[in-house]
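Me: Please take a close look at one small part of this model, starting from a single side chain and its contacts. Then work outwards and tell me what surrounds it.

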Amino acid sequence: MKTVRTVLSAPSEVIRRMESRPTWRLAFLVVVIGNVFLTWLKSCLRGSSFVIDLSVIVGSFISISVILLVLWSMLSLFLYFFSILLNAQKGFTYRIVFSLVSHCGLIFLVGECVNFILVRLGLLKSTSLMLPNRFPVGLDLLLIGKSPSLSLVALLHSINPFTIWYFATIAVGISMLGGIGKKRAGMVAGSAWAIGVAFALLL
């Protein structure tokens, strides 16, 4: 668990260890269990009953696990091959990239917790939330009180402190582990962000 905390407080320390020990299972389990807990808590608060339904919890665990594995695998493949095209060092492997992506997933878990707290505090009326159950923490704050398109809201919502923190850490990791410059690593991470936003807008 110390590694999990260090990812948030001193990511460079964890990133250095990934070159020799590219682990991912602990970070994966923490992110999955954290999201399952938030999903359960949201359903309990909607129904005003804190009942533990094992079938729902197991179902959430499986679905979230599969989704994360697919998304992280796709992101890792993109980051790995793009980095190789930019002459990443020979020791730079897909497993190392997947370890990096998995540990950085903890940042988004923190973001989900903050979003949950902000929504529950009721700082905005539920009818004012431009995305379902998503508190405006990014540039979408500028759109409050307006009637923008859903695509614009999704785009501006993706520019928020947690997304910047996430991809900045990814860039630092690629630069350190792949042995490529910070600018090129930033280009790799920024391209991944842009593709993710484009994909989300198409859904």
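Reply: Start with Ser175. Leaving aside neighbours within four places in sequence, Ser175 is in contact with Ile180, Gly181, Lys182 and Ala185. Ser175 itself sits in helix H7. Its relative accessibility is 14%. That is under 20%, so Ser175 counts as buried.

A word on confidence before going further. This is a predicted model. The chain averages a pLDDT of 89, and 94% of the residues score at least 70. Helix H7, residues 161-178, has the highest mean pLDDT among the elements, at 95. Helix H1, residues 2-9, has the lowest, at 70. Where pLDDT is low, predicted coordinates should not be read in detail.

Now take Gly181, one of the contacts of Ser175. Gly181 lies in the loop between H7 and helix H8, residues 182-202. Its relative accessible area is 32%. That falls between the 20% and 50% limits, so Gly181 is partly exposed. Ser175, by contrast, is buried. Look back along the chain from Gly181 to Phe162. The two are 19 residues apart in sequence, and their C-alpha atoms are separated by 23 Å.

H7 residues also lead to the one cavity. Thr169 is among its lining residues. By the rule used here, one cavity reaches 30 Å³ or more. The largest cavity has a volume of about 40 Å³. Besides Thr169, its lining takes in Val7, Pro11, Val14, Ile15, Met18, Leu100, His103 and Cys104. Helix H2, residues 11-18, gives the most, with four residues. H2 and H5 each supply at least two. By class, seven lining residues are nonpolar and two are polar. None is charged.

Cys104 in that lining deserves a second look. It is buried, with a relative accessible area of 2%. The closest cysteine sulfur to its own is in Cys113, 17 Å away. A disulfide needs the sulfurs within 2.5 Å, so this pair is too far for a bond. The structure holds zero disulfides. Cys113 is partly exposed, at 32% relative accessibility, whereas Cys104 is buried.

Next, helix H5, residues 94-121. Arg95 is placed in H5. At 53% relative accessibility, Arg95 passes the 50% limit and therefore counts as exposed. Arg95 and Phe108 are 13 residues apart in sequence. From C-alpha to C-alpha they are 21 Å apart in space.

After H5 comes the loop that holds Phe135, between H5 and helix H6, residues 150-157. Phe135 is buried, with a relative accessible area of 10%. Its contacts are Asn115, Leu118, Val119, Leu123, Leu124, Leu129 and His157, not counting residues up to four places away in sequence. Val70 is another matter: the C-alpha atoms of Phe135 and Val70 are 26 Å apart, with their positions 65 residues apart along the chain.

On the other side of H5 in sequence is the loop between H4 and H5, and Asn87 lies there. Its phi is near 65°, a positive value in a residue other than glycine. Most residues other than glycine have a negative phi. Asn87 is exposed, at 61% relative accessibility.

Last, helix H4, residues 54-85. Two of its residues make a useful contrast. Ser60 is found in H4 and is buried, at 14% relative accessible area. It touches Val36 and Thr39, again leaving out residues up to four places away. Met74 is also found in H4, but Met74 is exposed, at 52%. The C-alpha atoms of Met74 and Gln89 are 21 Å apart, across 15 residues of chain.

To return to the starting point: Ser175 is a buried residue. It lies in H7 and is in contact with Gly181, a partly exposed residue in the loop between H7 and H8.

How values were computed
Residues numbered from 1 in each chain as written. Predicted model: local features only at pLDDT ≥ 70, side-chain atom pairs only at ≥ 80, totals over all residues. Heavy atoms only, no water. pLDDT = per-residue confidence, 0-100. Buried < 20%, exposed > 50% of the residue type's maximum accessible area, 1.4 Å probe, protein only. Contact = heavy atoms within 4.5 Å. 1 Å grid on protein atoms, 1.4 Å probe; cavity = no way out; pocket = protein on both sides within 12 Å on 5 of 7 lines; lining within 4 Å. Points joined across faces, edges and corners; volume = space filled by probe spheres on them. Nonpolar A, V, L, I, M, F, W, Y, C, P; charged D, E, K, R; others polar.
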